[in-house]
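Reader: I am new to reading structures. Could you pick one part, look at it closely, and then lead me on from there?

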Amino acid sequence: MEAPGMTKLREDSRKMDLSHKFTRKELTLLYEEVLYTILHRLGKPDPNHVADPDELYAYVQKVFGMDPDEHRIILQRVKELEKPMFCLKATVKQARGILGKDASGLSDPYCLLGLETKKRDSSSNGNQGNKKRAKAVVKNLIPEDQTHRTQIISQTLNPVWDETFILEFEDIANARFHLDMWDSDEVETVRQKLGEVTDLHGLKRIFKEARKDKGQDDFLGNVVLHLQDLHCRDDRWYKLEPRTETYPNRGHCHLQFLLIHKKRATSASKMQPNYIVHRHLLQQMVSYEILQHQAGSTSWDGELSKHANTILHLHATQKDLSDFHQDMAHWLAYSKLYQILEFNSNCLLHYITSIEYQWVEGRLRPVQQTELTDSFQSFLAYGLSVLRRYRIVFPFSAPKSKERLQSLLRVLVQMCKMKAFREFMQTSDLQQMVKESLKAGTEEWFQMKKQHLKPMVKTTEECGKALVDLLAEVNADLQQCLKMWNKCFISTMRVDLFSIAYLEMQELVSFYVQKQLSEIDSGVSQLTAESLFQLYLSLQELYRLKDFVSNRESPLELANFHQWFKELIPKWLQKAYTIALERTQRAVQVDQLMPLGEMNKHSTSTVDLSTCYAQMVKTWQQLDWPDPEEAFMIMVKFVEDMCKIALMYCRLLKQRAEELSSNQREEGEAANKLCVVVNDIEQLRIMILKLPSQLDWSRLEQKTREVIAPEQFQNTLHHQLQATVTCLNNEIRSVVQTLGTKLDAGIARHIQELSASSDSKDPEDSIIPLMKFLECELQYLNVNLVQENFNSLLGMLWNHTLELLKGAAKQKTSNLRYFRKLQFALQSLELCFHAEGCGLPKDTLHTTTFMALEKELDLCSSSSKRLIQKYFSARIQQQMEANPDKYGAVTIKALYRHSEQKLHIEVLNAVNLLPLDSNGSSDPFIQLTLEPRHEFPEVVARTTQCIKNNLHPLFDEVFEFLVPPEKCQQDGSCLLLTVFDYDTLGANDLEGEAFLPLCGVLGLNDMEETINPSAVPQTRLSLTHPGTAGNDILQILEIRKGDKEAQAFVKLRRQRTKQSKESE
């Protein structure tokens, strides 16, 4: 696809013949010249050229736009013109590997050359190969005045001559070129010759020379060519043929031939210099070739057709134009045509390089200098004008635009570096000229776009839209410039196009936008405010491109562009809030409060709300207000609006749930709606908590650190957000409680039925209805609630269930099966609410209430004997934690002998006993019993002697108890040492009790032979009084009126309590 401008120019060029650049007479003379060239063609056609003259005639007829009659008339006239003088321009370049004829092994070669033009009969030609070669072909066949001779090159086998000769001929068919190469021999003395001898071969040459005539030259070889076998331009190495077969390999000679004309009879050749005629012919053909190019001129790479190349090659050769003048003609023609029809400028680069390579100062005539200078000036001016309009000439959409521009830049750079350019042109700073052109072009482009986008009706809304469209064009252009064009300019001529365009563009935009905004009334409509927000964003995008500008010194005109829009911020924020509010309201109105899917348990309105929040966050991010203090105030407003929308959404959502539930007959559907409400509010809470991250508060806090104190930031934004989160938490809790209330009644009913069920029934069967109810309801809630809210509901239900079980356990009953039923229910409920880790964690389940209830049910469901064991375990624990100084202590030694199955107890003493008598002392003795009694029914109690008036009695008495070891291992099994104060008249007073756990007695768990009886350690036991330890057990036993053992134990323990004069 071509650029629009180039396409139009190409179409116009097809309508008009480019030959209009020549007058009709000039065109006719040029046509005669080309016909004359074809007519008098010399030499064998090149393989890549057109051989048929009729094809060439047909081609030039099209090139010059000649009709058949005109062509026939002019051709006839050309045929009547005098033939040119035909010449062979022969250049003897060099030779290599020739024979060495001198004694030194070298030669002094020179060449004789000329043309043989007389006819030779066929018989002589046929016998020539059988005869001995003529000794001196050139001398014998060509007159001396037509014979040419090169210089003698002394002592070499690889001579270089580079001499040119013009040889005239009339009939190319009968002309043959002859060249003989000779070794020049000068008369030398024998002494001189012997001095040159270097080997045996040199000595042989001396003897050979002595036999020939003095001063006779040696034949080195010859080249004979028929002219009709030559191309019009030939340049190659020829083998030197021998005169005899003695030395067949005589080396090679490099010859260059041109078949040229002299005295051409055409008017053009007579009136104009050769290279000008050739340039005109070239220009005419290139114009035609470009117009015939199917893909458009911009893709033409300078390659001519075979017909054009043939004619131009013939003409340049016949006119004997040098390569330099041909290249110069090409440059003059191509550079001029490029300004009319743009084509691939790489071909221009080729000719510039070739001219520079061949340039020799002062080789041009004044007229040629003027032409070359004019071409430089013209192309430079055109190139700068193209660069100024590069956006139009090289549009981004056109194929190979980048390559075309880069090629032009290379041509300009290389042209300005040429020796010829510096010689003929005044010193020019190409970089500076390009910069000025690009700057001027940027302004022209901006003014053009501004005019193009100017609204027809100058309303406020239309003006705002026009500004937005203009900024969009500007930003797109700069982005294109940065990504595509800038690299071309920097890499080719080190010009930063983007910086030039940006600095110019931002200044133009700043001036124009400020002027337009000043004409807009402050009380703009909401539609205009929206357009101006887009304008603000476009200016923001433009301003951010400053980071890619290099060497920026002065401040930008756009530096404070945000201040131009300060008064519009309230309107922008209000618009964002209004859109979000209305969309949220519509979303709730159509929300059916149904989960979106298994993974998404919230409803459709949360999706819309999330979109609203995302849009508000995007608005904040787009605004990116530079002023820190003002940015903080804008953020406060944003957060306030988003929190207002959140609370409004909760209110509307609950109203929507009530509205939908009122139309539902089934209770489950109403619960389902409540579940969705909880999930939606939870989703909203998550959105709110994400706002600090999404709005990038950390960046704002850092940005405002100089003007906003951290405390103010915390108090204003964080507290505002936290207050909203608290409200949402309360809303969630409220709805969850509503759900929990609906389930509480069912749980209470089932627990009541459980309590009332027959105690004879298996506990597993009794708990089935409750578990089925919970499984059904909790499974439903788990499906319809997000995990966090489901766990919150589980927590509420768990606490309520514990209270119900706690109430059921308060019944005063001695039926163990009843409490075992409740205990099994508690254990089952714990598993149910934990749900193998998917429900509440164990730490959450094991509340204080649960632990107390679990302990209570464990006690109430235990047998009396088991309770008595637990009582003594509790007293043993009390013993371990007792204060040793409060009631005194007892010291004993204890040892169990397996061989005798006897427990050996040695009571040593007691210390620090309480003075229980009026005299300030006591009469202590110790009673030893094994507890619990039901484990040791046959073991009788033992008593020590009474020690009068002593608070630190020394007993030193030994007692033995016959007991099996397994009895000692039972829970609660202990030796009870009860210290009494003996009273003669009344009941003995209790000094205290000490409990020795039997499971830890030495020898019970050890091998008897390893124990030294004399080394049994003493055990100090602190005395305790009956206190709170075990009271709960006594209370349970006391309820069991029909259990004699329980009642006897409680009576004994109550008696001990009465005997204690001290209370803990």
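**A buried ring pair and beyond**

Author: W798 and F833 are both buried. This is a predicted model, and that pair is a good place to begin.

The structure holds 39 aromatic pairs. In the pair of W798 and F833, the ring centres are 5.1 Å apart. Their planes meet at 55 degrees, so the pair counts as tilted. To be edge-to-face, the planes would have to be over 60 degrees apart. Now place the two residues. W798 sits in helix α29, residues 787–809. F833 sits in helix α30, residues 816–834. The two are 35 residues apart, and their pair links distant parts of the chain.

Rings can also join into a group. Ring pairs link F533, Y536, Y543, F561, F565, W572 and W625 into a cluster.

Next, helices that pack. Take α16, residues 401–417, and α19, residues 460–493. Their axes are 10 Å apart, and the packing angle is about 20 degrees. Angles under 35 degrees count as roughly parallel. The helices α16 and α19 are therefore roughly parallel to each other. Their crossing is right-handed. From α16, the contact uses S401, K402, L405, Q406, L409, R410 and V413. From α19, it uses M484, W485, C488, F489, S491, T492 and M493. By type, the residues of this contact are eight nonpolar, four polar and two charged.

Set beside that the packing of α3, residues 53–63, with α11, residues 306–318. Here the axes are again 10 Å apart, but the angle is about 100 degrees. Angles of 65 to 115 degrees count as roughly perpendicular. That is why α3 is described as roughly perpendicular to α11. On the α3 side, the contact has E55, L56, Y59 and V60. On the α11 side, H307, A308, T310 and I311 meet them. The residues of this contact divide into five nonpolar, two polar and one charged.

Now the backbone. Most residues other than glycine have a negative phi, and most peptide bonds are trans. Some places in this model go the other way.

Start with Q155. Its phi is positive, near 45 degrees, and Q155 is not a glycine. Q155 lies in the loop between β3 (148–149) and β4 (160–169). Its relative accessibility is 35%, so Q155 counts as partly exposed.

L593 also has a positive phi, of about 55 degrees, without being a glycine. L593 is placed in the loop between α22 (569–589) and α23. Its relative accessibility is 0%, so L593 counts as buried.

Then there is a cis peptide bond. It joins E931 and P932, with omega at about -5 degrees. P932 belongs to the loop between β11 and β12 (942–943).

Loops deserve a few more stops. T704 is in the loop between α26 (697–703) and α27 (710–756). With 0% relative accessibility, T704 counts as buried. Leaving out residues up to four places away in sequence, T704 touches P628, F632 and F713.

D627 is in the loop between α23 (604–623) and α24 (628–662). At 24% relative accessibility, D627 counts as partly exposed. The cut-off for buried is under 20%. D627 and H562 are 65 residues apart along the chain. Their C-alpha atoms are separated by 8.8 Å.

S918 gives another picture. S918 lies in the loop between β10 (902–911) and β11 (924–931). With a relative accessible area of 86%, S918 is exposed. Along the chain, S918 and K417 are 501 residues apart. In space, their C-alpha atoms are separated by 133 Å.

End with a serine in a strand. S1022 is in β16, residues 1019–1022. Its relative accessibility is 10%, so S1022 counts as buried. Leaving out residues up to four places away in sequence, S1022 touches Q879, A882, P884, G888, A889, E993 and A994.

Terms used: Residues numbered from 1 in each chain as written. Predicted model: local features only at pLDDT ≥ 70, side-chain atom pairs only at ≥ 80, totals over all residues. Heavy atoms only, no water. Axes fitted to C-alpha atoms, helices over the stretch in contact; angles between N-to-C directions. Helix = DSSP H or I, 4+ residues; strand = E, 2+ residues; numbered from the N terminus. Parallel < 35°, antiparallel > 145°, perpendicular 65-115°, else oblique. Left-handed = near helix turned anticlockwise from the far one by under 90°. Contact = heavy atoms within 4.5 Å. Nonpolar A, V, L, I, M, F, W, Y, C, P; charged D, E, K, R; others polar. Buried < 20%, exposed > 50% of the residue type's maximum accessible area, 1.4 Å probe, protein only. Phe/Tyr/Trp six-rings, centres within 6.5 Å; stacked < 30°, edge-to-face > 60°.
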